[in-house]
Amino acid sequence: MAAAESDRDLSSALCSEFLNFSAKDTAARWQQAPELQAELYQHLAVYVPRIFCLGPSGGGGGGQREELACQLLLLAPLEWLLLGAEPSAGLAQLQENNQPSLLCGHVFKVGEPTYSCRECAADPTCVLCMQCFLGSVHKEHRYRMTTSGGGGFCDCGDTEAWKKGPYCHKHEPNNRDTSQEDPVAQLPADMVVRSYSIFSIILKYAVDMLTWEQEDQLPAGLEPPEKGDTYYCMLFNDEVHTYEQVIYTLQKAVNCSQKEAVSFATTVDRDGRKSVRFGDFQFCEQAKSVIVRNTSRQSKPLRVQVMHSSVVAHQCFALKALGWLGQIIQYSDGLRRVLCQVGLQKGPEGENSSLVDTLMLCDSKMWKGARNVYHQLLMNSLLMDLKYKKLFAIQFAKNYRRLQTDFMEDDHERVVSVTSLSVQLFTVPTVARMLMVEENLMTTIIRTFVDHLRHRDLQGRFQFDRYTAQQAFKFRRVQSLIGDLKYVLISRPAEWSEQLREKFLEGLDAFLELLKCMQGMDPVVRQVGQHIEMEPEWEAAFTLQMKLTHIISMIQEWCATDECVLIEAYKKCLCALGQCHSGLPDGEQPISLSLAGHSVETFRYQVSQDKVSIHLPVCRLLAGLHVLLSKTELASRFPEQLPLGELSPPLLIELPLRCLVLCAQVHAGMWRRNGFSLINQIYYYHNVKCRVEMFDKDVIMLQAGASMMDPNHFLMIVLSRFELFHIFSSADCRKRYRDGNKDVVQQNNTLIEEMLHLIIMVVGERFVAGVGQVEPFDEVRREIIHQLSIRPMAHSELVKALPENENKETGLERVIDSVASFRKPGVTGRGLYELRAEWTKHFNLYFHHYSRADQSKAEEAQRKLRRQNGDDSALPPPALPPLCPLFASLVNLLQCDVLLAVEGAVLQWAVEPSGGGWTESMLQRVLHLVGMALLEEQQQLENSSGDDDVTFNYTSKITRPGEAPSTSGSVLALLESLQNAPHLEVHKDMITWILKMVANIKTMRERSSCSSTVSTSQGQGPEETVRDKDKAERKRKAEMARLRREKIMAQMSEMQKHFINENKELFQQSLEELEASTSAAPHSPPGAEVCVSEVCVGPRRSGGGDRRQLVTCILCQEEQEVRGQGRAMVLAAFVQRSTVLSKNRGRAPPNPEHHDALFMHPDLAFGTHTASCGHIMHATCWQRYFEAVQLKEQRRQQRLRVHTSYDVENGEFLCPLCECLSNTVIPLLPHTHTLHSADHPSLEAWLQSTNQQIAALHAAHRKSDGEAAADREDLAAPEGFRVDFIPPNPFSSSVREMITTFSTATYKVGLKLNPNEQDPRVPVMSWASCAYTMQAIERLLVDEDKPLFGSLPCRQDDCLSSLARFGSACWTAAPPSTTHTHFIRLFAALVPDSQVENTPCILDVDMFHLLVYSVLAYNSVHCLDQSGRAVVDSAHLHLLHLITVAHLVQILLTSTTAEEVSMDQDSGGSEEEELTCLLYNTLRKHLCSVLPEVSSGWHLWRCVKAGVLPFLRAAALFFHHLNSAPPPAELQVAGPGQWEALCSYLSLPCNLLQLYQSKHTLLEPLLQGWCCHPAVKQTLQGGGVIIRFPRESNRLIDLPDDYSALINQASSFTCPRSGGDKSRAPTLCLVCGCMLCSQSYCCQTELDGEDVGACTAHTFTCGAGLGIFLRVRESQVLFLAGKTKGCFYPPPYLDDYGETDQGLRRGNPLHLCPERYRKIQRLWRQHGVTEEIGHAQEANQTLVGIDWQHL
Ligand SMILES: [Zn+2]
Ligand SMILES: [Zn+2]
Ligand SMILES: [Zn+2]
Ligand SMILES: [Zn+2]
Ligand SMILES: [Zn+2]
Ligand SMILES: [Zn+2]
Ligand SMILES: [Zn+2]
């Protein structure tokens, strides 16, 4: 209270200040002052504390008054002084003279869309704002769209950022020479002088204030004239404490409500600080101590300061002043440059003492809000001025180490740290290069990085497992340095200077130091006996590896661009590796191995016993550089410059080989006891994120080593490291093993397989440029071919399977179309790429990037494909590209003696059927190796001019008999003997292929030795023709097989027919059953007479004959007849409230207690919809089932405290057959058959008797109410009408019970009330559900262009029939007087009755609801008539006629508006038109002043016809189901003649106006009564919502084609509750188009005593609890139902590859897919959303756990 008082005082005080203050005079005074700074400071000292921070709300976010005062008293005089003129005019002048910079520089808001061009951007950080993008050439390119996280600016106009198209239309330079001029020269000289001094003073002031650390003092000259005891308790934000902790603490410390605490916490989180208490020092100090005490328990306490209000005030103004500077310089590039100069001017302390330096160095001490403001200013000034950007970059680089260290100590996110500006500076290639040369930036970054990773082991390697939480936190922060390094390296130099070489190599030295710390880290030792006790930490090391992967690749790419650098780098790397290797062979006894006549020395080492590490970055960098030497051919051109002689191949291969052996042993199950951490490491070693610089390079290193060694020696070392040497070196050893331990045998088998696979890879992996003679895109293409060989894949799957480069590109797009064809997606699923047939021949089963699972899937797929094509099943190795010279000798591995011995051994074992001694995979790999060798020989033969230069002679070697230790025959002989071995059937085709190749090569050799002139292409001939013949043979066999199959099928079907004939009765029966249970309505049998017109209502109605209906219970399978007196049968049903048909979403939900449900307003705002899956059960079976479900759920909740997808307490259950969500059951009732009678009273007679009946009922009710009846003359009750008659209940008790169950359910759901059987609205709600459901289905049929009858699924037909029959019977469960009263009131709406109150006007009644209610209610009145003369059917017909007339009137009253009338056509006018006119004019007579005049009826008749149609269609549906009347053929198809058929079916004249015309004397009084209702006039004159007919179907809102339009819309959406804040999760309601601030504390509201998020709250007003939303940032559709149910659904937006992008991770442009959107719309219109949620939650239990209500 006191605060508010003082506020008012102060504002009036300020008002007088305003009046007396002149900005112009003040500026003039300052101009004269000798010492401007002193003068200005004095002004600020006086005014600032009087404007800012005057009460509890101070310290951030001042009101309008504060803004105004600040502008008028503080900023305006500054502007006068600066401009020397009236500010607005002066600024306009300034802008006019300005030559604007060509940079766009638009700073991004959080969530704003940004665009980058995949083709033209220099790197992925180069982005455009939406406006620039739309005006750029990149719109037509392959672009990427993302949402900004805030900060950063548009790079439009920066020529270095774009390879082409750097300017959009708007920023295109018109004259060329602007960049060279000094913009300051454009300004008047005096203004330059003034601006220097003003900018210096203001900037200095702001910097001083923002970095000010004293809480109670101010800088000299700013001390306020009087200083009161007013303080703030200022709370600062950190990233340690959670929202909840802060909220809890605040409630305790400053005694505020939860809501206030939430608001404080939100502001602290956003601005970095917030005053939580205002008052005297003591008061604030007290709050501070409570906060500190409460938060210091687990971690360091929250930061709190008690600050004097004047200090806070000056800090507030300092921020305003910085904002002001930022604005002023937007007007003039000259002023911008002046500010830049002021900012970077060296201070008195010399180096690094400029104001900008001061700000940067204090960055980590400032609060978030202050940082944001000055970062923004830096972006607007220094970064927008190309000259000063460089100067600033130098200062930034000079301070780099210090800034990063500060950042490491600070606990704020990186986006609010000044270090995040690095992306703006380092990504400019020229700046980055300059910083590298002049400031040695590369080295600085790497050294800073290494400095912050201190923990090492004895060998100096990183040791992450000893990290404390604090160090781990730091480790995460330090990773941002790698990002900086990436920026620096991202663009490779086109040319090198001597300095650049020097600095790069210096940086490389630092980098190698880093890699040396990683080499060998996290070593593992095989655990034997016991399982490891604790899983060792491995993730940190892999994180580091992953982050460095791109850096390592980029360093190699830099090296590749300069020969000198490459040579030097190679030497440095080799030297570093030498240091790592020192001590490797120490203390090891060399051992000697010999096999197949060769021997080699190596040292004793076993992976299974000694330490081994996966981390070998130094080796792998060397492997990469080695490939570059080969690719650039440096090795062959300057061998003397390279230390190739120093290389020791056995040493080079040693560590990578160990690593690969480790993987093989893990596969073989030898490392099981080492736990999951090792499995994970192996997984990542091969994973696409790491493999390029891990696994791939290890293979390359083996290739490099092998190419420099004797192949026999290489293989012996490999055998030895695989610990398999003894198996192949002695003949009997194998035998011993076979009989030995089964585990060991199996392990060895796997190891042999892995080793053979490794040899295949070492020889065959040639798709790296430099190893094989290929281009980079060959490599990508091969990856794609092999992915697609597994199965067709979506674009995103392919992208995920390919390694991305530093630009996040895979190269996929360049090759995909050449190898695959695209298959578009349907309404579900995604687009897929399929490998084209001609590329399958490149398939290699032993592709090195296949996992074992991939491999077997691919094998299966490829074999299937070959079978389909009628080919043999062999999958021979593909032809390979030739090797580069440096690797050329690798091929000799294939024909070396050791490998031949290994092959011979395996083939020898395979002679015997497998008994654990060998495996099929082993044999398959050997056959593959043999195939590779043969292909190699064939290729060499083809490419040679003569036989003499072919060094490869595998065919002759395999014909040599085997040597010791294998005593068997030659490899070839073994293959020939295996060809027909029955146990090798699977491999037969492959062996055949091999033997054919051998024969082929022999012919080639023979021929070329006979005559060397024979062309090689002919040599290929025989093999080809052999193959063709083979193929033809196979085709023939396949054809025969097909014929055989067909014959068998024919025989079988013959047998079936026979069987059916024999069991005819049985089949007939089951068919009947099927018919009975699927559709209750007996359709006219085909071929029946069509000339008899079908009628569904009135005495002439057809159908409804006695027909027994047999149904089967899905639970007990028992058959049962549907009878009123029998056991009740029920349909599972789901009742829900609905707003799908609503024409007025603004209407508030009805008050459940007092809502008069009897009349439905034509806006249909809230309805009750019933759906059923059509499954029938006994009522008793269902009850037992439901009780069981209840019991199970109770037990489950006690045990697990988890919920199911359905709410048992609310009566929900899943249909036992189809699991469809249900919440009640509808009883099946027989058709109540009434006798046809000829006696059809006229309307007049019927009206009269009904009036009499009603009067009698009135009288009876009055009597029962105890009123004296004497004052009124009792009308004679019609003959035979007995008001006290109580009809016998036609239903058994079990049916009665089910009737109550369903009525109560519609009542409970429809009105949201607890069940109350006594409420008179109970029967009304079941009628309502019947009417609403029919209307909804009628709309659905129209919207989907389906005929009225015959197109609904059976379950819906069943549901409608049971609803209609239920409606006509449910009165039996209610007291008779209740339904009588309802009928009286309904009837009064048609025939005005003075005794009935609260009758709504005709415009406020939905006529279809009225029809359904009155027809269904009439039964209860009719049964009192015991005369036997009247039939219920005539009453139905009269009611239909009356209500149709009422509807016609309703339409005529609402259809005309002035402009439509003028469209009249003057035609002669049909009878319909004339009669319409006539009726209209009668209405005008009653209401002349409100209805416009109409001259002809053409337009009116058109309106009437269109308007009444939905009513007629719904009525036809209703009577069809009520009376089981078969529909006419015309209504079962779409087409012409619908109107006539409809009218005749409803027993109405085609000219509906006849209804009125023929009885107009009788109806005229009614017409008058309707029109005279006062509400009619009032509504038509604008006093209410006019609903026009026909009511259009509701649609979901229109969505834009381009998704970025939505993102843009959402980015400008602010939270409606927290004053202009950006919403974090903007969410669009697809029903009404409302944007909401979802999933956030700020917009939570209370609903029925619970806190709910904005979406849930919205569903209750917009969708009666049901909502369909689009989460814009996530690109995800959200379905919500009630508070506890929800699910996510794929969005209707697809990229060009036919895929959605949930979470917007890929960034491909997204476009609306109308079919998918229509699918969502259909789901909504069909009331299927809740069911969809149910299915989703059943399928995915995690969805059940989500707090949907908080969204
Ligand atoms: Zn822009
Ligand atoms: Zn632009
Ligand atoms: Zn482009
Ligand atoms: Zn049953
Ligand atoms: Zn079902
Ligand atoms: Zn909000
Ligand atoms: Zn909505």
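**View 1. The second largest cavity of this predicted model holds about 140 Å³ of space.** Its lining is made up of 14 residues, and those closest to the centre are Glu765, Phe767, Val768, Glu779 and His848. Two elements give two or more residues to this lining, namely helix 29 (695-707) and helix 34 (776-790).

**View 2. Here's what the walls of the second largest cavity are made of.** Helix 29 is the top contributor to the lining of the second largest cavity, putting in four residues. Sorted by type, the lining of this second largest cavity comes out as six charged, five nonpolar and three polar residues.

**View 3. Now for the largest cavity, with a volume of about 210 Å³.** A set of 20 residues lines this largest cavity, and nearest its centre you'll find Leu1164, Gln1335, Arg1339, Pro1510 and Arg1591.

**View 4. Three helices each supply at least two residues of the lining of the largest cavity.** They are helix 49 (1321-1343), helix 52 (1407-1422) and helix 56 (1498-1523). Helix 56 gives the most to the lining of the largest cavity, chipping in four residues. As for chemistry, the lining of the largest cavity splits into nine nonpolar, six charged and five polar residues.

**View 5. Zooming back out, a search of the whole structure turns up 14 cavities of 30 Å³ or more.** Among them are the largest, at about 210 Å³, and the second largest, at about 140 Å³.

Definitions and conventions: Residues are numbered from 1 along each chain as its sequence is written. Chains are lettered from A and ligands numbered from 1 in the order in which they are written. This is a predicted model: local features need pLDDT of at least 70, side-chain atom pairs count only at pLDDT 80 or more; totals for chains, interfaces and linings use all residues. Side-chain values use heavy atoms; hydrogens and water are left out. On a 1 Å grid over the protein atoms alone, a cavity is a set of points where a 1.4 Å probe fits but cannot get out, and a pocket is an open set with protein on both sides within 12 Å along at least five of seven lines; lining residues have an atom within 4 Å of a point. Grid points are joined across faces, edges and corners, and a volume is the space filled by probe spheres set on the points. Ala, Val, Leu, Ile, Met, Phe, Trp, Tyr, Cys and Pro count as nonpolar, Asp, Glu, Lys and Arg as charged, and the others, Gly among them, as polar.
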